[in-house]
Every structure is written in C-alpha cells, then in structure tokens.
Amino acid sequence: MRAQFVFSEIGVGLRRNLTMTFAVIVSVALSLALFGASWLMGKQVDTMKGYWYDKVNVSIFFCNEVDAETSPNCEKGAVTAEQKKEIQDDLKALDVVESVQYESSEQAYKHYKEQFGDSPLASSLTPDQMQESFRVKLTDPERYEVITSAFAERPGVQEVQDQRNVLESLFNLLNGMTYAAIGVMALMLVVAIMLIVNTVRVSAFSRRRETGIMRLVGASSVYIQLPFIVEAAVAGLIGASFAAVLLVGGKHFLIDNWLADKILLINFIGWDEVIRVLPLVVAIGLLMPGIAAFFALRKYLKV
C-alpha cells in the first residue's frame with residue numbers, strides 16, 4: 001500500500017509539472033552529454049599523444065656548403081665524416097636512444113620531391129642544397145631535450161629539431177576545446193540543478209495540503225520526501241539516458257562513419273572508452289537530481 005501511494009504521487013508530480021520536468025530532462029541531457037564528450041575528448045587527446053609521440057623523431061641536421069655561407073651555426077664549414085661518426089657513436093651510447101637512421105642529402109631531396117613536388121620551390125632545389133641528417137628514435141619521447149642539449153652546439157650541426165613541436169599546437173587546441181566543453185558543461189549543470197530545485201519546490205508547494213496531512217498522521221520525513229526525490233531522480237535518469245544516446249550516436253555516426261573515413265591519420269578512441277563513461281553519466285544523472293531535491297525539500301518538512 002505504501003509503495004503504491006509513493007508511485008502514484010510520483011506520477012501526479014510528473015504530470016503536474018510537465019513543462020518544468022521537460023526542461024529538467026533537456027538540461028540534464030545536454031549537461032551530461034557535454035560531460036561525456038569532454039571526458040572522451042580528453043581520452044582522445046591522450047590516445048593521439050601516445051600514438052604520435054611514439055612515431056616522432058628528433059632530427060639532427062648537418063651543415064652543408066650552402067649553410068656554411070648563410071647559417072651562423074655553420075661558420076666552421078660543412079660537417080666532416082669524422083664529426084658525423086663521433087655524433088653517431090655518442091648517440092648510440094645514450095640509453096634514451098632506441099635507433100639512429102642516417103638520411104643523405106640525395107634521400108632528403110627525393111623525399112622532398114615526393115611530398116612537395118608541386119611546389120614552385122621544388123624545381124629550383126638541387127640535392128646538394130639539402131641537408132644530411134640523423135633521425136633519432138627515442139625510447140621515451142618526453143626526453144627529447146637530452147638530445148637537444150647534448151648535440152645542438154656540436155661542430156657540423158646546423159639544427160636539432162624535435163618533431164613534437166609540430167604536434168604541440170594541435171594538442172593545445174584540442175585541450176582548449178576540452179576545457180571549453182568542461183566550462184559549458186559546468187554551466188549547464190548549474191542550470192540543471194537550479195531547474196531541479198525550482199521544480200521540486202513548485203511541486204512541494206502545490207502539494208502542501210497533502211504533505212501537511214501526512215505530517216499530522218505521523219508520516220516520517222523520509223516518507224514525505226521520497227516521492228519528490230524519486231520524481232527528480234526519474235527526470236534525471238531520463239535526461240541521462242538521452243545523453244547516453246547522444247554519446248553513442250556521436251561515436252557511431254560522427255566518428256566511425258564520418259571522421260574515421262575523412263581523417264585517416266588519427267587513431268580515434270574505441271567503443272571501450274564510450275562504454276566506460278556511460279555508467280558514470282547514468283549515475284550522475286540519477287544521483288544529482290535526487291541530492292538536489294533532498295536539500296531543496298528540507299525547509300518544507302519543518303513542523
């Protein structure tokens with residue numbers, strides 16, 4: 001009998017405040033969808049960093065005859081065979097170095113022509129203008145500064161270039177987008193909590209006669225509160241369900257069926273990350289409205 005009464009009161013409350021309940025559902029759905037999206041975006045950035053940082057190299061470019069006339073770092077002339085051999089031996093002696101690959105000026109010219117053959121500059125270049133280099137693969141890409149500090153000032157070295165710098169701007173942009181999504185999500189959560197509190201208070205005010213009678217017959221505070229708390233929790237659960245649908249749909253349609261075909265160079269997150277965040281979204285959608293309703297109802301239960 002008590003359970004039947006509680007469920008009937010929940011249905012009455014949801015029907016009486018249908019518009020505000022709908023607003024709560026929409027705001028919870030949007031805020032939790034943004035929460036899940038920002039979570040997944042952070043995981044995507046970490047996945048991309050792990051994927052690309054393992055593939056980038058540190059390049060040591062050597063001085064050639066052209067650099068000897070134009071570059072301040074090559075005032076002593078082009079690199080000699082002895083200097084290259086010494087640098088190679090020192091590189092292999094470092095525990096941070098996994099492998100060292102030599103690229104001749106002819107190979108550099110060939111690679112440049114393959115990548116930028118349509119550029120007007122490509123037709124004016126000759127192999128002797130291209131730089132020889134060592135492409136250094138590191139065991140830990142985070143320790144690239146070891147190579148820079150040890151070899152940047154060596155005779156015959158024109159420049160030590162870390163390819164991570166090319167990717168940093170992209171990752172900074174993605175991190176900025178993640179923080180922006182978190183900011184919007186926090187704002188939407190505040191809006192959702194305010195809507196939940198107002199909806200519960202309006203519902204409690206409209207049923208103040210029923211709650212007064214329940215107090216007079218000795219009903220406990222928990223028993224009086226329960227229908228209001230469950231109403232808010234149900235609305236939050238529906239909103240969380242919509243948020244879960246948005247996240248699953250975004251993964252399926254936006255990432256798997258569009259971005260994955262358009263951007264082949266990015267290793268996108270898998271379904272395991274999406275499945276991992278869905279229970280958290282549902283739990284927040286269920287608990288947040290219930291807790292907000294509990295605190296909103298405290299003053300209405302004072303006898």
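A residue is called buried here when its relative accessible area is under 20%. This cut-off serves throughout the description of the present model, which is a predicted one.

By that criterion, Ser38 is buried, because its relative accessible area is 5%. Ser38 sits in helix 2, which spans residues 18–53. What does Ser38 touch once its neighbours within four places in sequence are left aside? Its contacts are then with Thr178, Ala181 and Ile182.

Stepping back to the whole chain, the protein is built from 10 helices and four strands. Their order along the sequence reads α-α-β-α-α-β-α-β-α-β-α-α-α-α. Of its 303 residues, 40% count as buried, Ser38 being one that does. Among the contacts with a separation of 6 or more, 83% join residues 24 or more positions apart. The protein exposes about 17,400 Å², and carbon and sulfur atoms supply 62% of that area.

A covalent link deserves its own paragraph. The structure holds one disulfide, formed by Cys63 and Cys74, with 2.0 Å between their sulfur atoms. Which parts of the protein does this pair tie together? Cys63 belongs to the loop between strand 1 (58–62) and helix 3 (65–70), while Cys74 belongs to the loop between helix 3 and helix 4 (81–93), so the disulfide ties together parts that are 11 residues apart in sequence. The link is left-handed, with -75° about the S-S bond. As for accessibility, Cys63 is buried and Cys74 is buried as well.

The surface, in turn, carries a nonpolar patch. Leu237, Val282, Leu286, Leu287, Ile291, Phe294 and Phe295 make up this patch, and together they have about 600 Å² of accessible area. Which helix gives the most to the patch? That is helix 10, covering residues 271–296, with six residues. Leu287, one of the patch members, lies in helix 10. Is Leu287 buried or exposed? Since exposed means over 50% relative accessible area, Leu287 counts as exposed, because its relative accessibility is 52%.

Taken together, these features offer some handy places to look in the model. Ser38 in helix 2 is a buried residue, whereas Leu287 in helix 10 is an exposed one. The disulfide of Cys63 and Cys74 can be viewed alongside them, with both of its cysteines buried.

Definitions and conventions: Residues are numbered from 1 along each chain as its sequence is written. This is a predicted model: local features need pLDDT of at least 70, side-chain atom pairs count only at pLDDT 80 or more; totals for chains, interfaces and linings use all residues. Side-chain values use heavy atoms; hydrogens and water are left out. A disulfide is a pair of cysteine sulfur atoms within 2.5 Å. Helices (H or I, at least four residues) and strands (E, at least two) are DSSP runs, numbered from the N terminus. Buried means under 20% relative accessible area, exposed over 50%, partly exposed in between (1.4 Å probe, protein chains only). Contact means heavy atoms within 4.5 Å. Patches are made of residues with over 30% relative accessible area and no salt bridge: like charges are joined within 9 Å, nonpolar side chains (Val, Leu, Ile, Met, Phe, Trp, Tyr) within 5 Å. Accessible areas come from the Shrake-Rupley method with a 1.4 Å probe; for residues, only the protein chains shown count as cover. A salt bridge is a side-chain nitrogen of Lys or Arg within 4 Å of a carboxyl oxygen of Asp or Glu.
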